[in-house]
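Me: I am new to reading protein models and would like some help with this one. Could you take me through it a step at a time?

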Amino acid sequence: MSERTGGGSDSAGRPADHQADAGPSTDRGSYDFVVAANRLPVDRKEDKDGTVSWQRSPGGLVSAMDSVMRGREGAWIGWAGDTGQAPEPFVDSGMYLHPVQLTEEDVADYYEGLSNDTLWPIYHDVIVPATFHRRWWQAYVRVNERFAAAICEVAAQGATVWVHDYQLQLVPAMLRTMRPDVRIGWFNHIPFPPVELFAQLPWRRDIVEGLLGADFLGFQRASDAANFRRACRDLAKLSVKGELVFTPGDGGQRRAVRAAGVPISIDTDHFTELANRPEVRARAKEIRASLGDPTVLMLGCDRLDYTKGIRHRLKAYQELLRDEVITPPEYCLIQVAVPSRERVDAYKDLREQVELTVAQANGDYSSLGSTAIEYLHQSFDQAEMAAMYQAADVMLVTPLRDGMNLVAKEYVACHPDDSGALVLSEFAGAAEELTQAYLCNPHDIEGLKNTIMRAATAPVVERRRRMRALRRRIRQYDVQNWAAGFLRALEAAPQRPSAEGTAAVPRP
């Protein structure tokens, strides 16, 4: 494969920006490894002079897959982020990127509508009510067909195709019909709901059948995979044995599809190396100094999403201030709220509520030169986040429901000296692995307050013991182990109706 754009990295180890190539693709149908996700791993930027460049996206999926794709020749199918005509395919850091076109109507109905106002609430315990529109579903089907067709364009004969997340749940079956020669895996980055919630979807059977086009289905937790298998049994009336779902195949024979938990992780070495850089360590000290060198600096970093428990966290912190359990400047909280889905009404409402709470807390409890809550509604690059992680004595990760939450693992990786304390919700997938964190139920405000103070005031010996255990876990099971385990499970998944019984997911 000949690259049409330059590669390389900047001094911080992040992929350098690349200029799009306007020329047509000459590399179709030649990739043995293809990734498909709603978004490309890069964001388009246009300078004032009209020059187009691409920068690596900050999202968790991209962060995880970036190190998996590094050094591997492959293609990535996804939306470039703008409506209208999709850019021509191009190469970035050795990876072939094939943009999929989305119109304004597609974005409104497939992405903001069905994906984020129907599926997202159902898959996150219906924290806010789900909305159902047949027009949205039609757009979802249409866009999934477009992704499947794009995969067919770039996948070589017998290629391995790895489809990601809830936006593309129909792609596996569509792809199997179009290209029965390829090996298909799908991974869900969010929870999969109990059948009692999943059953609310008018298109529940279509989704189950769409996913069963894959050879292997990976979920964040074993309980998520069990929820899916139960949906297959109860709603689609399919036979289930252990981790296998048996579904009708070609010629009247049954296919066996395996659904299992394969929890995602991070590039631990990368984050630890980043945290050890002199400029990052210096920046961490600057952050603390700018806040008046508090005795205890707490940090929350989340997408501005109602699933993340930001309101519950702020309420607990506000009550600690009210009761004078903590007082500025000895205590300070940085809350990073990364903008998200700002055209969806539920997200607009959440932003207003969060910013009102922050304003009330700062108005009531801050003084000149001493802010109770430092609120930042923006995104930051990895180096700046590593500095914030390192600066924070206590990390507050308190989602109401989360598939994994990689922020928790990134915080741990950025404390190579075994300092710091992690307060972690029981309802994050990470809680099943990071059992030495200070676990909490974010719905229990009184309990959350007590857990925050336990973490903030714990003896140094206890905190270091817990952090050592957390760091041992993320070193043993990093993103490379996750990807290798998933791909081994995909390779070993039965393609014929032969298998009875199951084997464990390969683990490091």
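**Strands, sheets and helices**

Reply: Let us begin with one pair: R303 stands opposite V338 in strand 15. The model is a predicted one, where local features need pLDDT of at least 70, side-chain atom pairs count only at pLDDT 80 or more, and totals for chains, interfaces and linings use all residues. Residues are numbered from 1 along each chain as its sequence is written, and side-chain values use heavy atoms, with hydrogens and water left out.

Me: Which strands pair with strand 14, and in what sense?

Reply: Strands of a sheet pair through backbone hydrogen bonds, either parallel or antiparallel. Helices (H or I, at least four residues) and strands (E, at least two) are DSSP runs, numbered from the N terminus, and two strands pair if DSSP finds at least two bridges between them. Here strand 14 (residues 296-303) runs parallel to strand 15 (residues 331-338), joined by 8 bridges. Strand 14 also pairs in the parallel sense with strand 17 (residues 394-397), over 2 bridges. There, L299 stands opposite M395.

Me: Is strand 14 mostly covered or mostly open?

Reply: Buried means under 20% relative accessible area, exposed over 50%, and partly exposed in between (1.4 Å probe, protein chains only). In strand 14, 7 of the 8 residues are buried, which leaves the strand mostly covered.

Me: What is the order of the strands in the sheet of 6 strands?

Reply: That open sheet has the order 16-15-14-17-18-19, and its pairing is parallel. Strand 16 (373-376) and strand 19 (438-440) are at the edges with a single partner strand each, so one side of each has no neighbour in the sheet. From one strand to the next, the twist averages 20 degrees. Axes are lines fitted to C-alpha atoms, for helices over the stretch in contact, and angles run from 0 to 180 degrees between N-to-C directions. At the strand 16 edge, 4 bridges join this strand to strand 15 in parallel, and Q335 stands opposite Y375.

Me: What is the order of the strands in the sheet of 10 strands?

Reply: This open sheet reads 6-7-5-2-8-9-10-13-12-11, with mixed pairing. Strand 6 (90-92) and strand 11 (239-241) are its edges; each has a single partner strand, so one side of each lacks a neighbour in the sheet. Neighbouring strands are turned by 25 degrees against each other on average, direction ignored.

Me: Why is strand 9 said to be largely enclosed?

Reply: Look at how many of its residues are buried. In strand 9 (residues 183-187), 5 of the 5 residues are buried, so the rest of the structure largely encloses this strand. Both faces are covered, with R183, G185 and F187 on one side and I184 and W186 on the other.

Me: Which strands are joined to strand 9 by bridges?

Reply: Strand 8 (residues 155-164) runs parallel to strand 9, with 5 bridges joining them. Among the pairs, V163 has W186 as its bridge partner, and V161 stands opposite I184. Strand 10 (residues 216-219) pairs with strand 9 in the parallel sense over 3 bridges; F187 has G218 as its bridge partner there.

Me: What kind of unit do strand 8, helix 4 and strand 9 make?

Reply: A crossover is right-handed if, with the strands pointing away from the viewer, the path from the first strand over the helix to the second runs clockwise. Strand 8, helix 4 (residues 171-178) and strand 9 make a right-handed β-α-β unit.

Me: At what angle do helix 2 and helix 3 pack?

Reply: Angles under 35 degrees count as roughly parallel, over 145 as roughly antiparallel, 65 to 115 as roughly perpendicular and the rest as oblique. Helix 2 (residues 104-123) and helix 3 (residues 134-154) pack at about 110 degrees, their axes 8 Å apart. That makes the two helices roughly perpendicular.

Me: Where is H98, and is this residue buried or exposed?

Reply: H98 belongs to strand 7 (residues 95-100). H98 is buried, with a relative accessible area of 6%. Contact means heavy atoms within 4.5 Å. Leaving aside neighbours within four places in sequence, H98 is in contact with residues including L40, W76, P89 and E153. A80 is 18 residues from H98 along the chain, and their C-alpha atoms are separated by 8.9 Å.
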